[in-house]
Amino acid sequence: PASNTSNGTPPVEEGVVADQLDAAAAETHKTDWTKETLSIVVVGASGDLARKKIYPALFALYVEDMLPENFTIYGYARSKMSDEEFRDYIGGSLTCRVTDEESCGDKYDTFLERCYYQPGQYSDQSDFKALSDRMTETEKDMKKANRIFYLSIPPSIFTAVAGCASKAASSPTGWTRVIVEKPFGKDSESFAQLERELSNFLSEEQMYRIDHYLGKELIENLTVLRFANLVFEPLWSRNFIRNVQIIFSEDFGTEGRGGYFDQYGIIRDVIQNHLLQIVSLFAMEAPVSLDAEHIRNEKVKVLQSMKQLSLDDVVVGQYRARQGKGVNHPGYLDDDTVPAGSLCPTFAAVALFINNARWDGVPFLLKAGKALESRRTEIRVQFRHVPGNLFRDRLGLDLDRATNELVMRIQPDEAIYLKINNKIPGLGMKLDVTKLDLTYKQRYNQHLPDAYERLILDVVNGDKRLFIRNDELDAAWALFTPILKEIEDKKVQPELYPYGSRGPVGSHYLASKYGVRWG
Ligand code: NDP
Ligand code: BG6
């Protein structure tokens with residue numbers, strides 16, 4: 001048995017965190033899949049997300065034997081397609097990303113045999129009843145039939161579909177879960193309305209609100225990094241951290257998606273959800289356990305502790321065309337689906353502050369932009385100076401550049417590295433900045449699951465850790481609604497930046513106001 005330490009605190013036993021993980025995993029496997037069936041309905045089956053992400057994720061789970069034995073996939077949309085045509089449609093989107101080509105090839109046909117298509121309208125209960133009748137045929141020999149509806153459709157029809165699915169196609173014998181995709185409204189008011197409408201048909205327990213960033217490998221690892229290692233957590237506060245940067249950049253514009261994007265803009269599209277979710281996981285206190293409610297309780301406290309945003313702490317930009325030798329990139333306004341003269345931001349940088357004891361005064365600088373010079377998403381944690389640094393004369397750098405920095409590169413080329421000062425080997429005493437580097441490709445020679453794989457599997461297992469609770473969204477909208485309104489009411493002109501550049505200069509001024517240099 002473990003003995004107490006001298007200060008009376010029981011020592012943390014090795015493997016405690018691993019046990020908790022096991023317990024959490026066991027908790028989620030309550031369904032007896034030898035006796036129960038699973039039908040997965042992709043509503044909006046003819047759409048972009050379904051083809052790009054959902055079918056490939058389902059196929060990868062199937063290849064990895066992660067789907068229950070008795071599963072069936074149903075596509076549902078208005079487009080007319082036979083089962084065969086649907087299989088051809090899905091088939092074109094499947095790649096063998098898990099195993100070698102040959103074994104994947106075997107599975108390809110057996111996977112497609114489990115896929116069916118049911119055409120129907122989104123607000124017609126009798127069409128959903130017809131879908132339910134078809135599902136009943138494949139479910140008939142089992143005691144319990146469980147159903148997942150993935151709403152891969154525009155938000156304007158979320159409620160109609162939730163209503164029809166719950167009234168005419170929910171499972172009479174097992175559970176029914178519904179996956180809802182963003183956008184969850186455009187502001188506090190529209191979010192509240194959406195919630196009111198959906199809650200007429202679905203309980204909170206049934207609803208799985210996706211933020212696919214939570215399904216990314218390194219984001220899931222954030223909790224492990226913090227709470228399963230002794231070295232980081234004691235440093236994780238205003239006492240040692242100078243600033244935190246969360247950087248999202250894409251090297252392509254909104255081409256083809258301008259119609260959707262123009263109604264939302266980058267703050268709603270990426271910052272209010274993906275980046276804010278990262279902040280809340282990064283900054284939360286240790287949860288009581290790995291139970292979904294315990295984790296989400298802590299995340300929501302972070303969101304509720306945010307200082308109200310002011311316009312002085314926000315910079316917005318919009319990309320313009322860039323032409324040159326062999327380069328011909330259109331500007332945001334050149335997209336036919338974008339209204340002339342639109343002020344919609346395709347770039348934004350914001351400085352957030354968390355008013356609590358741990359983070360008081362620490363700037364969390366978030367920036368997100370389309371059509372920038374590179375594609376990357378990173379969390380960068382810059383630590384304070386070493387007080388009275390003995391080596392200040394040997395660094396060959398200004399002290400600001402010699403502070404430690406922990407970088408979590410979420411994508412591409414996943415990595416965690418810590419910048420440290422190190423003695424250059426040899427006689428004499430010269431230092432340079434180098435990296436303790438955990439590059440995933442080098443360390444783990446394996447396929448990293450796509451976010452959608454992980455998240456769909458979690459829905460199958462009833463694990464809500466990586467899904468967003470309604471009060472988190474309430475708090476996230478409470479933070480951003482006033483500033484979005486101010487930007488729109490005042491018609492704030494976005495600063496133009498050339499396609500493929502580092503973004504507007506204003507974001508550097510914002511960072512330097514807090515003594516920060518973007519990483
Ligand atoms: P699509 O615009 O491709 O729509 C999906 C399907 O819904 C279409 O194939 C169409 O099927 C039907 N549909 C489209 N417009 C309407 C309409 N006005 N009224 C009724 N039905 C319509 O959407 P996506 O697949 O791109 O996205 C689905 C959901 O996922 C959305 O909520 C989106 O915001 C979200 N999302 C998408 C991402 C992406 O990368 N695409 C990323 C993150 C979130 P049919 O005509 O056959 O009925
Ligand atoms: C989506 C946004 O939620 O996330 C897109 O709507 C963005 O604009 C996308 O491109 C980025 O996701 P990922 O996984 O490619 O980084």
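P183 sits in the loop between strand 5 and helix 7, and the peptide bond that joins K182 to P183 is cis, with omega about 0 degrees. I should say at once that this is a predicted model. A second cis peptide bond joins Q411 and P412, here with omega about -15 degrees. P412 belongs to the loop between strand 14 (405-411) and strand 15 (415-423). As general background, most peptide bonds are trans, and most residues other than glycine have a negative phi.

That second point leads to two further backbone features. D65, although not a glycine, has a positive phi of about 60 degrees. D65 is placed in the loop between helix 2 and strand 2, and it counts as exposed because it has 9 C-beta neighbours inside 10 Å. K491 is likewise not a glycine, and its phi is positive at about 50 degrees. The loop between helix 13 and strand 18 (495-498) holds K491. Since K491 has 7 C-beta neighbours inside 10 Å, it too counts as exposed.

Let me return to the elements on either side of P183, beginning with strand 5. Strand 5 (residues 176-180) runs parallel to strand 6, and 3 bridges join the two. Within that pairing, V178 has M207 of strand 6 as its bridge partner. Are the two faces of strand 6 covered or uncovered? Both are covered: M207 and R209 on one side are buried, as are Y208 and I210 on the other.

These strands belong to a wider arrangement. An open sheet of 7 strands follows the order 3-2-1-4-5-6-17, with mixed pairing. Strand 3 (115-119) and strand 17 (467-468) are at its edges; each has a single partner strand, so one side of each is left without a neighbour in the sheet. Elsewhere in the order, strand 1 (residues 36-43) and strand 2 (residues 71-77) run parallel and are joined by 6 bridges. In that pair, S39 stands opposite T72 of strand 2.

Now to helix 7, on the other side of the P183 loop. Helix 7 (residues 188-199) contains 12 residues and reaches 16 Å from its first C-alpha to its last, close to the 16 Å expected at 1.5 Å a residue. Which residues of helix 7 are buried? They are S188, F191, L194 and L198. These four lie on the same side of helix 7, because they cover an arc of only 130 degrees around the axis. The general geometry is relevant here: an α-helix has 3.6 residues a turn, so residues three or four places apart point the same way. The other side of helix 7 carries the exposed residues E189, Q193 and R196. As for the buried side, its cover includes helix 6 (158-169), strand 6 (207-210) and helix 13 (470-489). Strand 6 therefore enters the account twice, as the parallel partner of strand 5 and as part of what covers the buried residues of helix 7.

I turn next to the ligands. Around ligand 1 there are 19 residues, the closest being G47, L49, A77, R78 and S79. Which element gives the most to the shell around ligand 1? Helix 2 (residues 48-63) does, with 4 residues. By class, that shell has 9 nonpolar, 5 polar and 5 charged residues. Ligand 2 is surrounded by H212, E250, D269 and V270. The shell around ligand 2 has 2 charged residues, 1 polar and 1 nonpolar.

Finally, two loop residues. E233 is located between helix 8 (217-227) and strand 7 (241-249). With 13 other C-beta atoms within 10 Å, E233 is partly exposed. Leaving aside neighbours within four places in sequence, E233 is in contact with R226 and F227. The C-alpha atoms of E233 and A286 are separated by 9.4 Å, although the two residues are 53 apart along the chain.

Q446 lies in the loop between helix 11 (440-443) and helix 12 (451-461). Why is Q446 exposed? It is exposed because 9 other C-beta atoms lie within 10 Å, and the cut-off for that class is 12 or fewer. Q446 and I487 are 41 residues apart along the chain, and their C-alpha atoms are separated by 45 Å.

Terms used: Residues are numbered from 1 along each chain as its sequence is written. Chains are lettered from A and ligands numbered from 1 in the order in which they are written. This is a predicted model: local features need pLDDT of at least 70, side-chain atom pairs count only at pLDDT 80 or more; totals for chains, interfaces and linings use all residues. A residue is buried if 20 or more other C-beta atoms lie within 10 Å of its own, exposed if 12 or fewer, and partly exposed in between; C-beta atoms are placed from the backbone. The expected span of a helix is 1.5 Å times one less than its number of residues. The arc is that of the directions from the helix axis to the C-beta atoms. Two residues are in contact if their C-beta atoms, placed from the backbone, lie within 7 Å. A residue is near a molecule or strand if its C-beta atom, placed from the backbone, lies within 6 Å of it. Ala, Val, Leu, Ile, Met, Phe, Trp, Tyr, Cys and Pro count as nonpolar, Asp, Glu, Lys and Arg as charged, and the others, Gly among them, as polar. Two strands pair if DSSP finds at least two bridges between them.
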